[in-house]
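Hi everyone, thanks for making time for this. Please have a look at the picture with me, and we'll walk through it together.

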Amino acid sequence: MNATQAMQKFANVVLNEAIGSLVQMGMQYVKNAIVAKTTSAATTATQTAEAIALVAAYKSAVMLASIASYGSAATTGATVYGTALGIMSVQCPLLERVKTAVQ
């Protein structure tokens, strides 16, 4: 084996290692993307279930508070909610679009 053949062999090894590393990096990227998507879906499902449970837990207490205050608790809550939405819409223009879509 002469020097030229040795350099060609060395260059071939370096090239193969570089290609192998890029393929490995691509595969890791795909794996990470799949894990992230799965985790995100699971988190969303868990949070939705928790929100539904909280609504069910607080519904009767909210109704009783509204009845006990002759409706003023509901009026105050609606006013505070509307004020908060107004403040947030100034800080977040996207919220204005969401409010419009909900109405």
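I'll start with the whole chain and then follow one helix from end to end.

First, a word of care: what you see is a predicted model. The protein chain has 3 helices and 0 strands, so if you read the elements from the N terminus on, you get α-α-α. How much of the chain is buried? Of its 103 residues, 4% count as buried. The accessible surface comes to about 8800 Å², and carbon and sulfur atoms account for 70% of that area.

Now to helix α1, which covers residues 3-68. Let's begin at its N-terminal end, which is capped by Asn2. A side-chain oxygen of Asn2 lies 3.2 Å from the backbone nitrogen of Thr4.

Moving along α1, we meet a nonpolar surface patch of about 390 Å². Which residues make this patch? They are Leu15, Ile19, Val23 and Met27, and Met27 is found in α1. Here is a handy rule for looking at such a list: an α-helix has 3.6 residues a turn, so residues three or four places apart point the same way.

Further on, where does α1 kink? The kink is centred on Tyr58 and is about 35 degrees.

What about the span of the helix? At 1.5 Å a residue, the 66 residues of α1 should span 98 Å. The end C-alpha atoms of α1 are 95 Å apart, which agrees with that expectation.

Finally, α1 is followed by Tyr70, and the phi of Tyr70 is positive, near 60 degrees.

Definitions and conventions. Residues numbered from 1 in each chain as written. Predicted model: local features only at pLDDT ≥ 70, side-chain atom pairs only at ≥ 80, totals over all residues. Heavy atoms only, no water. Patch = residues over 30% accessible without salt bridge, like charges linked within 9 Å, V, L, I, M, F, W, Y side chains within 5 Å. Areas by Shrake-Rupley, 256 points an atom, 1.4 Å probe, with all protein chains shown as cover. Salt bridge = Lys/Arg side-chain N within 4 Å of Asp/Glu carboxyl O. Helix = DSSP H or I, 4+ residues; strand = E, 2+ residues; numbered from the N terminus. Buried < 20%, exposed > 50% of the residue type's maximum accessible area, 1.4 Å probe, protein only. Expected span 1.5 Å × (residues − 1). Bend = angle between axes of the 7 residues up to and from the residue. Polar contact = N/O pair within 3.5 Å; in protein donor to acceptor, adjacent residues only side chain to side chain.
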